[in-house]
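The following note sets out some points on the fold and on the principal pocket. Please read them alongside the sequence and the model.

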Amino acid sequence: VMSGSIYDVTVRQEALLRSRLILDSAGIAIIMCGNDGKLTEFNPAAEAMFGYTRDEVIGTSVELLMQSSVRDKHKAAFQDAVVELRAAKGDWVVTRTGLSGIGLHKDKTTFPIYLGMRGIKYNGKVEFIATLKDPLAFQPDGGKPLLVPRVQRQLQQSLPLSNRARK
């Protein structure tokens, strides 16, 4: 019986380590927050995108990463999603993809983002995971834009000049 418990712990530790390795090596920003909107996860790609370290943001509101002009709209949509998930019977997933928005960097510059959000209810607990991409980022192979040039130009023209040169 004792060896079974040790095996279970070892398997769980390996699964946690593997999950951490995947999260830390992902090429896109991944953030996670609880139903209170407080950040619980912030991977290295999110650190690079927003300029904060993981330690700086864990436990703070996800609204730190967005402009004040959209916080009220976000708060309402977030609470609607929490209510929807809590009302669902059993474990449940709510997915929103193809969303776009404006991210707020630590240095207060803004940048466009594409995101997908997944709200998850399991064991009565509600959490949200978001994956975020900067559409103005370039691919490492040859520096080709991720977007077709027309869309990239439109996005760049809609940003203030001071924000266009951000890496």
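1. In what follows, helices (H or I, at least four residues) and strands (E, at least two) are DSSP runs, numbered from the N terminus. The coordinates under review are a predicted model.

2. On that assignment, the protein contains six helices and five strands. Their order along the sequence is α-β-β-α-α-α-β-β-β-α-α.

3. The largest pocket encloses about 750 Å³ of space. Its lining comprises 26 residues, of which Met66, His74, Leu99, Leu115 and Met117 lie closest to the pocket centre.

4. Which elements each supply at least two residues of that lining? They are strand E1 (29-34), helix H4 (68-87), strand E3 (92-104), strand E4 (110-122) and strand E5 (125-133). The greatest contribution to the lining of the largest pocket is that of H4, which provides seven residues.

5. As to chemical character, the lining of the largest pocket has 19 nonpolar residues, alongside four polar and three charged ones.

6. For the protein as a whole, 31% of the 167 residues are buried. The accessible surface amounts to about 10600 Å², and carbon and sulfur atoms account for 59% of this area.

7. With regard to contacts in the protein between residues at least 6 apart in sequence, 41% link residues at least 24 apart.

Methods. Residues numbered from 1 in each chain as written. Predicted model: local features only at pLDDT ≥ 70, side-chain atom pairs only at ≥ 80, totals over all residues. Heavy atoms only, no water. 1 Å grid on protein atoms, 1.4 Å probe; cavity = no way out; pocket = protein on both sides within 12 Å on 5 of 7 lines; lining within 4 Å. Points joined across faces, edges and corners; volume = space filled by probe spheres on them. Nonpolar A, V, L, I, M, F, W, Y, C, P; charged D, E, K, R; others polar. Buried < 20%, exposed > 50% of the residue type's maximum accessible area, 1.4 Å probe, protein only. Contact = heavy atoms within 4.5 Å. Areas by Shrake-Rupley, 256 points an atom, 1.4 Å probe, with all protein chains shown as cover.
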